[in-house]
Amino acid sequence: MESTEFLVVGCGPAGGTAAREAARRGVETVVLERDPVVGAKRVCAAGLRPGFCEEFDLPRAIVHLDPATITLSTAQKTYAFPVGPAHTTTREELDGTIGALARGEGADVRTSSLFRGLRRERDGIVVEYADTVAGERKTIRARSVFLAQGSSARLDAVDPRFGHPDWDAGLITCLQYRVYPERPAIATTYATLEMHYYVSARSGRSVIAWMFPKRDHLSIGLGIQAKVPGSELRAELGAFLATVEQRLFAGIPYTVRVEGNLLFGGLPRPTIGADGVMVGGTAAGLVDATTGEGIHEAAVTGRLAADAVAALHAQPAADVARVYERSVQRRFYGRLTRRARLMAFLERKPARFDVLFGQLEASPRFNALLQRERSECSVWERLYLYAHAAKFSLSALRV
């Protein structure tokens, strides 16, 4: 049977980063990517936080624009905040570039390879996959496996320990239009990331919508935390698109490319490491529920998986999955759990969004500290955050 040290399932930001950094450190690595082209079929506004390219050693050529402002809009008001600047790209360019860099480091990236399952044996983990070009079932044995298939991953069938009882409740049905105007939109369009939070007049559901500018198009989309029929999504997005068009590119002809998929906005998976198998990125539920952003978290989990596998390469007795799980939980679980609970609290009474956004706008330091991980804050900064959190809670409960 074919064998490798490290097998990665999925070549998005998590899987691609894991493969690249493990291969760079001398770990024999194979990647199974289900799509024929790395980065295809990704529904994502593809916003990157400031410094992302430098942090993960990616070429600036993938960046389309550097918006300096983000706006958060409710039914009542639009609030504006500086963001660094942030960056926009596309998932084809981001994932494709990371995948190409992984190949350059020696990783074997296999496209049209659909993961079917795994079993643990005494001498390793046997992964079964379908080569959809050849029409064949194949197997490969690995010492360690990293599962990074995104929100569509059904991991309880892979290992019951990876089950998440509330996974379906956390899924967000998304629809996005790539809008290609024949002439540029108004100038402010290309300097601003827009997030919108409102209750649908049609269905009464809470909606998160966005407009992110790119070089040649605008990513305009929305997500609803439920399994929503396509007709309802199209009607909702059509109405939102009309409002954006009126503000930013009224009277300019355009064409549209449609993308749809499921994302995740709930609590992280309780278990993401067991007996040589690790789960990363969106498949682990590592998404900021307030914004839908998970690219940075995904790439970091890939790096942490590579670190754990490299340690196993040097010390064969290392518990790779446990080391990985502890690292990821320390890094992300506290913040992402708080964000998921905050989003649920806000959506129960949408007027609370205005309370929060108004407080963030009035307190730039509070806004800046919220973007950090807990471990990056001093004791005094944590106390400052707790004081502001108490102030928000008291104000929001009066709404």
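This is a guided tour of selections to make in the viewer, moving from a sheet to the helices packed around it and to one another, in a model that is predicted.

**The sheet**

Begin by selecting the open sheet of seven strands, whose order is β5-β4-β12-β13-β14-β11-β15 and whose pairing is mixed. Colour its two edges separately: these are β5 (78-82) and β15 (254-264), each of which pairs on one side only. Looking along the sheet, you can follow a twist that averages 15 degrees from one strand to the next.

**Strand β4 and its two partners**

Now narrow the selection to strand β4 (residues 69-73) together with strand β12 (residues 192-199), which run parallel and are joined by five bridges. Two positions serve as landmarks along this pairing, since Ile 70 stands opposite Leu 193 in β12, and Leu 72 stands opposite Met 195 in β12.

Next, add β5 to the view, where β4 and β5 run antiparallel and are joined by five bridges. The link between β4 and β5 is a hairpin of four residues, and the position to label here is Thr 71, whose bridge partner in β5 is Ala 80.

Is β4 mostly covered, or is it open? Switching on a surface shows β4 to be mostly covered, with four of its five residues buried. To see an element that lies over this part of the sheet, select helix α8 (residues 351-362), which lies across β4, β5 and β12 and runs at about 35 degrees to β5.

**From α8 to α7**

Keep α8 on screen and bring in α7, which packs with α8 at an angle of about 125 degrees, the two axes being 6 Å apart. At that angle α7 and α8 are therefore oblique to each other. To display the contact, select Leu 342, Met 343, Phe 345, Leu 346, Glu 347 and Arg 348 on the α7 side, and Arg 352, Phe 353 and Leu 356 on the α8 side. Coloured by residue class, this contact of α7 with α8 divides into six nonpolar, no polar and three charged residues.

Stay in helix α7 and centre on Glu 347. Glu 347 has a relative accessible area of 24% and is partly exposed. Which residues does Glu 347 contact, once its neighbours within four places in sequence are left aside? Those residues are Ser 206 and Phe 353. A distance to draw from here is the one to Thr 189, which is 158 residues from Glu 347 in sequence and 27 Å from it in space, C-alpha to C-alpha.

Then move to Arg 339, which is also found in helix α7. Arg 339 is buried, its relative accessible area being 13%. With neighbours within four places in sequence set aside, the residues in contact with Arg 339 are Asp 288, Ala 289, Thr 290, Leu 370 and Gln 371.

**From α7 to α6**

Widen the selection to the whole of helix α7 (residues 320-348) and add helix α6 (residues 295-314), the axes of which come within 8 Å and cross at roughly 155 degrees. That angle makes α6 roughly antiparallel to α7, and α6 passes α7 in a right-handed crossing. On α6, the residues to show are His 296, Glu 297, Val 300, Thr 301, Leu 304, Ala 305, Ala 308, Val 309 and Leu 312, and on α7 they are Val 320, Val 323, Tyr 324, Ser 327, Val 328, Arg 331, Phe 332, Arg 335 and Leu 336. By class, the residues of the contact of α6 with α7 comprise twelve nonpolar, three polar and three charged.

**Last stop: α1 and α3**

Finish with helix α1 (residues 13-24) and helix α3 (residues 91-104), which pack at an angle of about 20 degrees with their axes 8 Å apart. With that angle, α1 and α3 are therefore roughly parallel to each other, and their crossing is left-handed. Show Pro 13, Gly 16, Thr 17, Ala 19 and Arg 20 of α1 against Arg 91, Leu 94, Asp 95, Ile 98, Leu 101 and Ala 102 of α3 to bring up the contact. Among the residues of the contact of α1 with α3, six are nonpolar, two polar and three charged.

How values were computed: Residues numbered from 1 in each chain as written. Predicted model: local features only at pLDDT ≥ 70, side-chain atom pairs only at ≥ 80, totals over all residues. Heavy atoms only, no water. Axes fitted to C-alpha atoms, helices over the stretch in contact; angles between N-to-C directions. Parallel < 35°, antiparallel > 145°, perpendicular 65-115°, else oblique. Left-handed = near helix turned anticlockwise from the far one by under 90°. Contact = heavy atoms within 4.5 Å. Nonpolar A, V, L, I, M, F, W, Y, C, P; charged D, E, K, R; others polar. Pairing = 2+ DSSP bridges. Buried < 20%, exposed > 50% of the residue type's maximum accessible area, 1.4 Å probe, protein only.
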